[in-house]
Amino acid sequence: MNKEELKKYLIDLGFNVDDQKMENIEDFIEKTLLTNEKFNLTAITDIDVFREKMVYDSALATKDLDLTNKKAIDIGTGAGFPGMIIYFLNPEVKMTLLDSTAKKINYLNEYAKERDYHLAFAIDRAEEYARKHIEKYDFAFARAVAPLNILLEIIMPLVKIDGYFIALKGSNADVELKEARNALKKLNSEVIEIKNYILPESKEERNILLIKKKGSTNKKYPRMYSEIKNSPL
Ligand code: SAM
């Protein structure tokens with residue numbers, strides 16, 4: 001999709017997208033693609049495909065959500081997806097972008113400073129960070145980081161009671177959900193909505209899972225990553 005089409009699709013989703021916002025998004029796309037060779041930030045290098053599968057895809061995560069003054073975190077943000085796009089579309093959000101790879105976070109931090117964007121950054125393993133920031137976030141997001149049962153243990157401790165984890169998933173969301181039933185129960189969490197989308201050009205399927213934290217998380221979670229991975233909940 002070209003720039004004009006992206007703008008139209010974002011407006012169709014209900015976002016308020018003026019020329020300045022669109023310029024900021026386009027600048028970020030160009031910067032990401034230019035920096036890609038150095039940092040290996042993304043596998044998608046065609047700008048038209050990038051707009052659909054990185055930007056529009058990320059935007060789906062916050063359709064109809066009010067993030068004004070809410071504390072949010074993007075776990076495993078990589079080159080800034082979905083976190084940067086969520087910030088562009090919801091500038092009143094208090095967004096933290098976290099990744100364990102220092103070079104990715106340093107690059108994003110530098111970019112945000114140059115443009116005076118109000119974003120926070122963390123270089124850490126998500127499970128370590130979660131132990132230090134228990135129940136601090138209204139919303140947590142993650143895209144292409146790990147299967148749902150693993151993500152839940154890492155992410156739900158960070159989320160406030162009555163807060164949400166928004167998982168950006170593809171066409172295998174139902175399989176991941178089945179495998180995450182036990183984790184949801186153990187972590188006092190419930191899937192309250194699954195929003196199904198078909199991307200407008202590639203026609204690929206996307207599923208946005210809204211997972212609500214209903215009660216506090218047992219202090220034994222998250223376990224060490226090796227344990228989480230070897231025996232997921
Ligand atoms: N979310 C981005 C996207 O959709 O383009 C990046 C996806 S990339 C495939 C996965 C990212 O998650 C990598 O940048 C990796 O460093 C990060 N990651 C994986 N496990 C993590 C963990 N336990 N804590 C922090 N970051 C993690």
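Visitor: What makes Arg51 and Glu26 a salt bridge?

Guide: This is a predicted model, and in it the closest N and O atoms of Arg51 and Glu26 are 2.8 Å apart. The cut-off is 4 Å between a side-chain nitrogen of Lys or Arg and a carboxyl oxygen of Asp or Glu, so the pair qualifies. Arg51 belongs to helix α3 (residues 47-59) and Glu26 to helix α2 (residues 19-39), which means that the pair ties together parts that are 25 residues apart in sequence.

Visitor: How many salt bridges does that rule give?

Guide: The count is 19. As background, side chains of opposite charge can pair when their charged atoms come close.

Visitor: On to the ligand. What makes Lys104 a polar contact of the ligand?

Guide: A polar side-chain atom of Lys104 is 3.1 Å from an oxygen atom of the ligand. The limit is 3.5 Å for a pair of N or O atoms, so Lys104 makes the cut.

Visitor: How do you know that Arg125 and Ala126 count too?

Guide: Same kind of check. An N or O atom in the side chain of Arg125 lies 3.0 Å from a nitrogen atom of the ligand, within the 3.5 Å limit. For Ala126, a polar backbone atom does the job, at 2.8 Å from a nitrogen atom of the ligand. As for cover, the ligand on its own has 590 Å² of accessible area, and the protein covers 79% of that.

Visitor: Where does the ligand sit, and what surrounds it?

Guide: The ligand is in the largest pocket. Around it are 17 residues, the closest being Gly76, Phe81, Asp99, Ala126 and Arg143. By type, the shell splits into six nonpolar, five polar and six charged residues. Both β2 (94-99) and α6 (126-132) contribute at least two residues each to that shell.

Visitor: Why is the bond from Phe81 to Pro82 called cis?

Guide: Its omega is near 5 degrees. Pro82 is in the loop between β1 (71-75) and α4 (83-89). Another cis bond joins Tyr221 and Pro222, with omega about -5 degrees, and Pro222 lies in the loop between β7 (205-213) and α10 (225-230).

Visitor: What makes Glu135 worth a look?

Guide: Most residues other than glycine have a negative phi, and most peptide bonds are trans. Glu135 is not a glycine, yet its phi is positive, about 55 degrees. You'll find Glu135 in the loop between α6 and β4 (137-143).

Key: Residues numbered from 1 in each chain as written. Predicted model: local features only at pLDDT ≥ 70, side-chain atom pairs only at ≥ 80, totals over all residues. Heavy atoms only, no water. Near = heavy atom within 4 Å. Polar contact = N/O pair within 3.5 Å; in protein donor to acceptor, adjacent residues only side chain to side chain. Areas by Shrake-Rupley, 256 points an atom, 1.4 Å probe, with all protein chains shown as cover. 1 Å grid on protein atoms, 1.4 Å probe; cavity = no way out; pocket = protein on both sides within 12 Å on 5 of 7 lines; lining within 4 Å. Sits in = over half its atoms within 2 Å of the grid points. Helix = DSSP H or I, 4+ residues; strand = E, 2+ residues; numbered from the N terminus. Nonpolar A, V, L, I, M, F, W, Y, C, P; charged D, E, K, R; others polar.
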